[in-house]
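Student: I've got a new model open and would like to work through it piece by piece. Let's put it on the screen and begin with a pairing.

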Amino acid sequence: MADGKLDDVDRRILAELTRDGRQSVTSVAERVHISRAHAYSRIAKLTEDGVLTRFTAIIDPAKAGLRSSAYVTLKVRQHSWRELRDKLRDVPEIHHIALVGGDFDVILLVRAEDNVGLRRVIFDQLQSMPGVLDTQTFLVFEDLDTR
């Protein structure tokens, strides 16, 4: 796996853990049709190789009190990405960060309790960060998690 190639068993294990990350290794083994020991060693290897990076819960943002969401694009000053990335990671309302190619350089998923909180993050934090040249905001009206 060090070469980055996953076989069918690895992909089925990942699909099972994506579906329910809390299930036991025994359950994963049964669903993938391999022994428990084999499932355990495969999961350990996927973790060791960095394919599995963490186990986490997926929340419903609205039910968790995060009723306002937006995708915010950033145009950034050339060579400022690494420093900016570290500052963006420190903003708890930012739930996803991606460096992209196209008309803008970075896209963020920002979630807040309400539009006042969203406005605070965008205007008071993002637009004042060194290296940010421009922002554009796209409000999210409905969230659908497809996994």
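Student: Which residue in strand 3 is the bridge partner of Leu74?

Tutor: Ground rules: this is a predicted model, where local features need pLDDT of at least 70, side-chain atom pairs count only at pLDDT 80 or more, and totals for chains, interfaces and linings use all residues. Residues are numbered from 1 along each chain as its sequence is written, and side-chain values use heavy atoms, with hydrogens and water left out. Helices (H or I, at least four residues) and strands (E, at least two) are DSSP runs numbered from the N terminus. Seven bridges join strand 1 to strand 3 in the antiparallel sense, and across from Leu74 the strand 3 partner is Val106.

Student: In what order do the four strands sit in the open sheet?

Tutor: Two strands count as paired if DSSP finds at least two bridges between them. Strand 1 (residues 68-76) and strand 4 pair over eight bridges, and strand 2 is joined to strand 3 by five. Add the pairing of strand 1 with strand 3, and the antiparallel order comes out as 2-3-1-4.

Student: Why is one side of strand 2 and of strand 4 left without a neighbour in the sheet?

Tutor: Go back to the order 2-3-1-4. Strand 2 (94-99) and strand 4 (132-140) stand at the edges, so one side of each has no neighbour in the sheet, as each has a single partner strand.

Student: And by what angle are neighbouring strands of this sheet turned against each other on average?

Tutor: Axes here are lines fitted to C-alpha atoms, for helices over the stretch in contact, and angles run from 0 to 180 degrees between N-to-C directions. For the strands of this sheet direction is ignored, and the average is 20°.

Student: Which residue in strand 4 stands opposite Tyr71?

Tutor: Start next door, where Ala70 stands opposite Leu139. These strands pair in the antiparallel sense, and opposite Tyr71 you find Phe138.

Student: Is Thr73 buried or exposed?

Tutor: Thr73 is in strand 1, which has seven of its nine residues buried, so the strand is largely enclosed by the rest of the structure. Among the residues Thr73 touches, with heavy atoms within 4.5 Å as the test for contact, are Phe104, Ile107, Asp134 and Phe138. The scale goes by relative accessible area: buried is under 20%, exposed is over 50%, and partly exposed is in between (1.4 Å probe, protein chains only). At 4%, Thr73 counts as buried.

Student: At about what angle does helix 5 run to strand 1?

Tutor: Two helices lie across the four strands: helix 4 (residues 81-89) and helix 5 (residues 115-126). Helix 4 runs at about 165° to strand 2. For helix 5 against strand 1, the angle is about 15°.

Student: Which annotation covers residues 6-67?

Tutor: That stretch is 53% helix and 0% strand, and its end C-alpha atoms are 38 Å apart. UniProt positions are given in the numbering used here, feature names are shortened, and annotations may be inferred rather than shown by experiment. The unreviewed UniProt entry gives "domain: HTH asnC-type".

Student: How are helix 1 and helix 3 oriented to each other?

Tutor: Helix 1 (residues 8-19) and helix 3 (residues 36-48) pack at about 85°, with axes 11 Å apart. Residues in this contact include Ile13 and Leu17 of helix 1 and Ile43 and Leu46 of helix 3. Angles under 35 degrees count as roughly parallel, over 145 as roughly antiparallel, 65 to 115 as roughly perpendicular and the rest as oblique. The pair is therefore roughly perpendicular.

Student: How far apart are the axes of helix 2 and helix 3?

Tutor: Helix 2 (residues 25-32) meets helix 3 at an angle of about 105°. That makes the two helices roughly perpendicular, and the contact includes Val28 and Ala29 from helix 2 and Tyr40 and Ile43 from helix 3. As for the axes, their separation is 8 Å.

Student: Which phi does His79 have, although it is not a glycine?

Tutor: Most residues other than glycine have a negative phi. His33, in the loop between helix 2 and helix 3, has a positive one of about 65°. His79 is in the loop between strand 1 and helix 4 and counts as exposed at 78% relative accessibility. Its phi is positive, about 70°.

Key:
Lists of a residue's contacts leave out its neighbours within four places in sequence.
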